Amino acid sequence: MKFIDCTYELHAPEILAIFNHAILNTTALWEYKARTTDTMKIWFETKSAGNFPVIGALDEQGTLIGFASYGTFRPWAAYKYSVEHSVYLRQDQQGKGLGKLFMQELIQRAKTQGFHTIIGAIDADNKSSIAFHENLGFEYAGTLKQAGYKFGRWLDFVFYQLILETPLHPTED
Ligand SMILES: CC(C)(COP(=O)(O)OP(=O)(O)OC[C@H]1O[C@@H](n2cnc3c(N)ncnc32)[C@H](O)[C@@H]1OP(=O)(O)O)[C@@H](O)C(=O)NCCC(=O)NCCS
């Protein structure tokens, strides 16, 4: 699969549609209201400011299949080697082995950028995402109970993390 770097100009509407499908129909994202195009501008600006990748791939019609990205885990200096990731495929592209390819590419980017751990915060009921991350070598790292409320019920979330061998020479700059 050929991966591209997504841009606001070319891919914001397609990423927005994927986000909004997840927001309105699932507990993968803990938001109530559909996002607007304005939020996508800020989203891309934040990625760009942090030098974080937004990778995507296109189908034969040139339409975005999905995307994967990471960003700041917590905004304090000593967390600088940690990132929190997200990976979302269009509904009709799920379950075909593509998500795994996206994550392999994203993990490679994280190694190249010298990060040390990739963290996924997953809705505890999202069993397919949990199985997917375990399949990629991510390990369970804890549960936060009733940390969210959506669709009339409390939601737990679980942390999963992958430790990387990078960076070779961590610093405290
Ligand atoms: C989660 C998601 C990115 C996974 O991508 P995908 O393309 O559907 O997953 P893949 O087909 O690449 O699966 C990769 C591996 O995980 C395993 N896996 C995926 N879903 C699984 C499930 N429900 N149960 C067991 N194993 C599962 C597959 O068996 C496969 O293993 P294999 O390589 O040994 O065959 C995708 O389904 C998605 O976008 N879901 C909706 C959004 C979402 O929940 N994002 C994550 C938020 S934390």
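Q: What sits over the ring of tyrosine 8?
A: The charged end of lysine 41, 4.8 Å from the ring centre. Bear in mind that this is a predicted model.

Q: And phenylalanine 19, what lies over its face?
A: That would be arginine 35, at 4.1 Å from the ring centre.

Q: Which rings are linked into a cluster by ring pairs?
A: Tyr8, Phe19, Trp43, Phe44, Phe67 and Tyr88.

Q: OK, helices now. At what angle do helix 1 and helix 2 cross?
A: Roughly 115 degrees, and their axes come within 10 Å. Helix 1 covers residues 8-25 and helix 2 covers residues 37-49. The crossing is right-handed.

Q: Which residues make that contact?
A: From helix 1 you have Tyr8, Ala12, Ile15, Leu16 and Phe19, and helix 2 brings Thr37, Met40, Lys41, Trp43 and Phe44. Sorted by class, that's 8 nonpolar, 1 polar and 1 charged.

Q: Back to rings. How many aromatic pairs turn up in the whole structure?
A: A full search gives 18. One of them joins tyrosine 70 and phenylalanine 115.

Q: Why is that pair called edge-to-face?
A: Because the planes are at 80 degrees, and over 60 counts as edge-to-face. The ring centres are 5.5 Å apart.

Q: Where are those two in the chain?
A: Tyrosine 70 is in strand 3, while phenylalanine 115 is in the loop between helix 3 and strand 5, so the pair links distant parts of the chain, 45 residues apart.

Q: Is tyrosine 70 buried or exposed?
A: Buried, with a relative accessible area of 0%. Phenylalanine 115 is buried too, at 10%.

Key. Residues numbered from 1 in each chain as written. Predicted model: local features only at pLDDT ≥ 70, side-chain atom pairs only at ≥ 80, totals over all residues. Heavy atoms only, no water. Axes fitted to C-alpha atoms, helices over the stretch in contact; angles between N-to-C directions. Helix = DSSP H or I, 4+ residues; strand = E, 2+ residues; numbered from the N terminus. Left-handed = near helix turned anticlockwise from the far one by under 90°. Contact = heavy atoms within 4.5 Å. Nonpolar A, V, L, I, M, F, W, Y, C, P; charged D, E, K, R; others polar. Phe/Tyr/Trp six-rings, centres within 6.5 Å; stacked < 30°, edge-to-face > 60°. Buried < 20%, exposed > 50% of the residue type's maximum accessible area, 1.4 Å probe, protein only. Lys NZ or Arg CZ within 6 Å of the ring centre and 35° of its normal.
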